[in-house]
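Dear colleague,

I am passing on to you the structure we spoke about, and my notes on it follow below. Please read them with the coordinates open beside you.

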Amino acid sequence: MELHGKEELRGPVLHIVVVGFHHKKGCQVEYSYPPLLPQEGHDSNNLPEEWKYLPFLALPDGAHNYLEDTVYFHLPPLGGADMKCVYGVSCYRQIEAKSLKVRLADVTRETVQKSVCVLSRVPLYGLLQAKLQLITHAYFDEKDFSQISILKELYEHMNGSLRGTTLEGSQVFLGLSPRDLILHFRHKVLILFKLILLEKKVLFYVSPVNRLVGVLMTVLSLFPGMIEHGLADSSHYRTKSSVSEDVSLAEVEEFVSVSVTDITNASMELLAEEDQTPSQRTTSLPETSTPAGENHHLKPPSRTSPDSSESDWETLDPSVLEEIPKDSETGGSGSGSCGVETPETFEPAPGIPITVQPQGLSSAGSGGQGVISQGLVSGLEEDLYGLPLAIFTKGYLCLPYMALQQHHLLSDVTVRGFVAGATNILFRQQRHLSDAIVEVEEAKIQIGDPELRKLLSLTTADLRFADYLVKHVTENREDVFLDGTGWEGGDEWIRAQFGLYVHSLLSSTLQEDAEKLLADWGAPFVSAWRITHNYRVWFSNKHPAMAEITPGHPFQGQYSAADLKLRFSHSVQNSERGKKIGAAVITTSRSVVQTGKAVGQSVGGALTSAKSAMSSWFSTLGQPAIVASPATSPEARSPSAT
């Protein structure tokens, strides 16, 4: 997608901002070009209400522990703007105050901490970071922070060089390495991928911030088209002062959707939906909804009714999920309801139809695989396959870095889910506010809900896929890094594999009697995914290019002995019981070796050889071979700790 129209005239960069730490006032904006508020000067500390968290995002929590750092963050659109996410990149540095040539009166500490950040319309994180780091170093090397001419030149240079830049190609993924992600998380990358498909509340935790945002954005780059076009609505949240106000009807209609806390009845709900006519499947709210006048912004509504699901909160009318011939049979009319009382305050406004792409028009221009058009339901820029999926819409947030001041968003009723990053331990301690906490340093995914763990259990076909990725990344590591021309095992190759995974999954859901096909992804997972917002939006439209995709898991096939080996290795490495057994074997081996040394050299040598053979056998299990024709298998055991 090229920048065009008004955006091209205005340029991709909105502002260059300097944020500093004041010993009395804390983090504050010291300079902005152009001014953040047009009626005020460049040195004004005032901010638009929507961007009140900007200083705390640009100058992250715990920054004093590092000499420099980099932050990616998202800001909500300003009122009256084009209603798209504002992408921020900040470069932080601190230097000793005694090295300054011009020391102002407000510099009272031994070190000076400042960040230079770019607010942009385009998600070119790595490219913006590369340019910004050079200017930040030059700005600090001046040792005089009153010299702001270099910042004005940066604004003009970036808008000049990035104007007309396309959001396709390797520059979008600059600095995002799926290879490193696979090497660190191994098969768990696929679990993260499925977590986000289910629109769960996922929190990444690690320090420093540059590592945090790098891992989080790299995971998102595995979703086809997500970085380029899928984050436009990912930061539609309200500040804390705005949240305290009563939720109006319009706001509820646009944003409110609460995550499913008990997904065990997902299959039953889908079967019940199929038995109903489109006129009977009107959206409604559960009886447990709080009245409009009640202050409920920090307490999500309880989900005591087993019949309630995420679809109850959907803003998309489920009747559009039906095929056009079925709609014509039923006439598409009727006033049936789901039998749940709906408060009058929350009744949807009449006369607002949902536009769906007509079947006859969808085939137009199907020859161009690279065609990008505006999604009529999602509002995102989509290709002919309907990608990117509308995950980060309708209150599902993407916050690469969350400041402590944004903590209320985790329990905000207008936020139905999030993929967020944090460095403050307070976020990690409040585990009940997240469905999954990703410990980046330890490559561990903590999931408290046992039902969710079952949903995310990798099938044998999934394990083959993950093992296929790990094998190619580890075996081709040297070739790729030495000559830079490697394809298999490289970053683009990994993204292509996940693209195939998503395309095959979507194609399989369109097939009739596809239970066997979908079992390779896990029947409970597919049932849960089908009631998410992103799948319902995708299914409501026609995507002509999907006819070219072969349905079925890329690693479907007959079950073999190698799959048993792979399954056993996966269980030993990732289940709590398997980890305890492995630790016991290691401890026993050490004790045996020590006993052997005490008995005698000859006996000790024999025991050492036995220990080596045992270790070699376990290492072989840890690195299973890939078979040529993998097969379908029962679901994986649910890991208690992933």
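**Notes on the predicted model**

The protein exposes about 28700 Å², of which carbon and sulfur atoms supply 53%. Please keep in mind throughout that this is a predicted model. Of the 642 residues of the protein, 52% count as buried, and the secondary structure comprises 24 helices and 12 strands. Among the contacts with a separation of 6 or more, residues 24 or more positions apart account for 74%.

I looked next at a sheet and at the helix that lies across it. The sheet is open and has five strands in the order S9-S10-S6-S11-S12, with mixed pairing. Strand S9 (396-399) and strand S12 (444-447) stand at its edges, and because each has a single partner strand, one side of each is left without a neighbour in the sheet. From one strand to the next, the twist averages 15°. The pairing of S9 with strand S10 (residues 417-422) is in the parallel sense and extends over four bridges; within it, Cys-398 has Val-419 of S10 as its bridge partner. Helix H6 (residues 188-197) lies across strand S6 (202-205), S9, S10, strand S11 (436-439) and S12, and runs at about 40° to S12.

The remaining notes concern helix H18 (residues 491-509) and two helices that pack with it. The axes of helix H16 (residues 460-475) and H18 come within 11 Å and cross at roughly 170°, and since angles over 145 degrees count as roughly antiparallel, H16 and H18 are therefore roughly antiparallel to each other. On the H16 side the contact is made by Asp-462, Phe-465, Tyr-468, Leu-469, His-472 and Val-473, and on the H18 side by Trp-493, Ile-494, Gln-497, Phe-498 and Tyr-501. The residues of this contact divide into eight nonpolar, two polar and one charged.

Helix H5 (residues 178-185) also packs with H18, at an angle of about 70° and with the axes 8 Å apart, which makes H5 roughly perpendicular to H18. Here Pro-178, Arg-179 and Ile-182 in H5 meet Asp-491, Ile-494 and Arg-495 in H18, and the residues of the contact divide into three nonpolar, no polar and three charged. Ile-494 of H18 is thus listed both in the contact with H16 and in the contact with H5.

With best wishes

Definitions and conventions. Residues are numbered from 1 along each chain as its sequence is written. This is a predicted model: local features need pLDDT of at least 70, side-chain atom pairs count only at pLDDT 80 or more; totals for chains, interfaces and linings use all residues. Side-chain values use heavy atoms; hydrogens and water are left out. Axes are lines fitted to C-alpha atoms, for helices over the stretch in contact, and angles run from 0 to 180 degrees between N-to-C directions. Angles under 35 degrees count as roughly parallel, over 145 as roughly antiparallel, 65 to 115 as roughly perpendicular and the rest as oblique. Contact means heavy atoms within 4.5 Å. Ala, Val, Leu, Ile, Met, Phe, Trp, Tyr, Cys and Pro count as nonpolar, Asp, Glu, Lys and Arg as charged, and the others, Gly among them, as polar. Buried means under 20% relative accessible area, exposed over 50%, partly exposed in between (1.4 Å probe, protein chains only). Accessible areas come from the Shrake-Rupley method with a 1.4 Å probe; for residues, only the protein chains shown count as cover. Two strands pair if DSSP finds at least two bridges between them.
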